[in-house]
Amino acid sequence: MRTDTIAAIATALSDSGIGIIRVSGEEAIPIVHKIYRNKKNQAVLSDYHSHTIHYGFIIEKNGDLIDEVMVSVMKSPHSYTTEDTVEINCHGGALMMKKILMTVIEAGARLAEPGEFTKRAFLNGRMDLSRAEAVMDMIHAKNQFALKSSIKQLRGSVSDKIKELRKKILYEIAFIESALDDPEHISLDGYEERLSGQVSYLLKELEKLLESADNGKMMKEGIRTVIVGKPNVGKSSLLNLLVGQDRAIVTNVAGTTRDTLEETVNLGDITLHVIDTAGIRSTEDVVEKIGVEKAKTISEDADLILYVMDTSIPIDDNDKDIMRMIKDKKTIILLNKSDLDEVVDQSSVADLLSEITKKSISLYVSSEMNYEEEKQQDENIHMVKFSAKENNGLDSLVGLIRKMFFHGRISYDNEVCITSSRHKEALLETLDSMNQVRASLENGMPEDFYSIDLMNAYASLGRIIGEEVGDDLVNEIFSKFCMGK
Ligand code: GDP
């Protein structure tokens with residue numbers, strides 16, 4: 001059905017060593033044949049063996065030479081899209097690539113939509129949807145974790161797991177259906193007990209996957225981090241330190257950072273998506289007030305709050321306001337300017353916080369500290385001695401984040417990790433359906449009740465790998481892809 005031939009520039013549209021124009025579809029070989037010449041001017045592209053590459057030239061209609069190229073031929077079904085595919089490796093200038101693309105289009109191809117090559121690979125059954133999505137994740141990977149997890153997903157880690165779970169569910173559906181159809185030969189006596197065992201297993205597996213989704217998303221996209229604190233305490237200095245370059249304007253005039261700045265910061269294997277907000281303090285200044293309100297709103301859906309405190313000046317009511325704001329959030333209090341004489345010590349901060357939050361707060365000393373010890377004190381709020389000026393305390397900060405978010409360990413080797421919110425949603429729906437099955441079992445409902453929910457669970461899981469998905473969703477997913485992929 002998808003016989004038209006598509007073409008796109010597959011490499012970045014900028015000046016570079018080489019560029020690739022990709023052509024895929026039934027007419028890919030004849031189309032490129034029209035515009036390609038080899039040295040002897042007698043090449044027949046269709047005669048070339050699959051997976052071979054050839055030196056030659058791309059020629060304009062009037063016979064003028066456009067570029068010296070290498071053309072590779074991949075014949076159906078052994079190509080990325082499963083269709084006949086030709087890739088033209090040309091010189092990498094943007095103008096050159098555009099010119100060759102135009103020539104290919106004039107010869108009969110159509111400009112591909114973003115992600116259309118991968119969409120074809122999916123629609124032609126070469127890869128399931130979770131693998132196709134992994135291709136894009138790999139391209140957009142911002143850190144080692146994102147890269148490794150997308151490679152694993154591309155190799156089938158997610159689809160294999162989903163298929164395994166679906167197979168188990170399908171077995172039960174089939175068993176119930178056949179028993180209901182043929183009660184004389186297949187007995188459902190004692191079946192509830194077996195199904196109950198299976199349901200427990202499936203629920204456990206689903207919960208494990210969902211647990212990985214929370215970490216996975218934070219690992220892939222970064223922990224949404226908000227820096228708060230009164231003006232002049234060192235918030236911008238901290239951001240600059242994290243980013244490693246002077247992006248935020250650092251000044252010693254109170255209230256300069258009025259709007260918010262956002263940065264993605266890689267700290268070893270941890271990525272922070274940092275939002276720097278205006279200094280939070282009571283103010284009559286309208287412009288600043290907008291910034292302050294914004295900070296409060298942003299803090300509400302942050303994963304982590306970095307509360308910067310200047311320990312060289314006394315605590316005041318503004319600090320109390322901030323403490324009220326952060327009391328239920330995962331927070332690290334950076335006791336900044338520790339290089340200066342200390343006016344506020346950690347125990348007075350801890351006492352005030354305990355008064356407000358009704359919890360005890362610990363000072364994080366070193367990365368040696370056991371996570372369980374940490375946890376006993378308070379899971380959410382910790383303090384670190386810091387000096388943005390002297391770059392002191394950054395290691396402790398990173399160690400602490402690792403402990404608070406990933407229980408001190410970040411693993412991407414063994415487990416299947418869910419990194420897509422689309423997958424997470426489907427898993428949550430599956431979990432719902434499986435909980436329904438459990439409830440029906442507990443309430444002694446008739447068997448056909450189980451099979452309805454089992455079927456729903458089966459369908460929800462199917463969406464992850466692209467079964468039972470509509471055209472709209474497929475189009476939406478692939479529209480986010482790059483051109484030429
Ligand atoms: P913000 O208003 O909270 O963003 O604060 P800034 O980052 O602009 O810092 C305000 C002032 O404090 C600047 O003059 C910084 O150089 C200074 N400052 C920031 N961190 C430290 C620190 O750890 N020690 C000392 N002594 N000064 C600091």
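Tutor: Let's start with a term: a residue is buried when its relative accessible area is under 20%. The model we are looking at is predicted. By that cut-off, 50% of the 485 residues of the protein count as buried.

Student: Why is H423 called buried?

Tutor: Set the value against the cut-off: the relative accessible area of H423 is 0%, and buried means under 20%. H423 is therefore buried. This residue sits in helix α14.

Student: Which residues is H423 in contact with, leaving aside its neighbours within four places in sequence?

Tutor: Those residues are S130, E133, Q153, V158, I418 and I464. Contact here means heavy atoms within 4.5 Å.

Student: I464 belongs to α15, where it is buried. What covers the buried residues of α15?

Tutor: The cover includes α3 (116–123), α4 (129–140), α6 (157–181), α7 (191–221) and α14 (421–442). Among the residues buried in α15 are E447, Y450, D453, L454, A457 and L461.

Student: How do you know that the span of helix α15 agrees with its number of residues?

Tutor: The expected span is 1.5 Å times one less than the number of residues. For the 19 residues of α15 (residues 447–465) that gives 27 Å, and the end C-alpha atoms are 28 Å apart, so the two agree. Just after α15 comes G466, with a positive phi near 95°.

Student: Now the ligand. What makes the pair formed by S236 and the ligand a polar contact?

Tutor: The cut-off for a pair of N or O atoms is 3.5 Å. A polar side-chain atom of S236 lies 2.7 Å from an oxygen atom of the ligand, so the pair is within the limit. The side chain of N336 has an N or O atom 3.1 Å from a ligand oxygen, and a backbone N or O atom of V233 is 3.2 Å from an oxygen of the ligand. On its own the ligand has 590 Å² of accessible area, and the protein covers 85% of that.

Student: Which residues come nearest to the ligand?

Tutor: Of the 18 residues around it, N232, K235, S236, S237 and D339 come nearest. Helix α8 (residues 235–243) gives the most to the shell, with three residues. By class, the shell has five nonpolar, eight polar and five charged residues.

Student: And how many helices and strands does the protein have?

Tutor: The protein has 16 helices and 14 strands. Of its contacts with a separation of 6 or more, 68% are between residues 24 or more positions apart.

Terms used. Residues numbered from 1 in each chain as written. Predicted model: local features only at pLDDT ≥ 70, side-chain atom pairs only at ≥ 80, totals over all residues. Heavy atoms only, no water. Helix = DSSP H or I, 4+ residues; strand = E, 2+ residues; numbered from the N terminus. Buried < 20%, exposed > 50% of the residue type's maximum accessible area, 1.4 Å probe, protein only. Near = heavy atom within 4 Å. Polar contact = N/O pair within 3.5 Å; in protein donor to acceptor, adjacent residues only side chain to side chain. Areas by Shrake-Rupley, 256 points an atom, 1.4 Å probe, with all protein chains shown as cover. Nonpolar A, V, L, I, M, F, W, Y, C, P; charged D, E, K, R; others polar.
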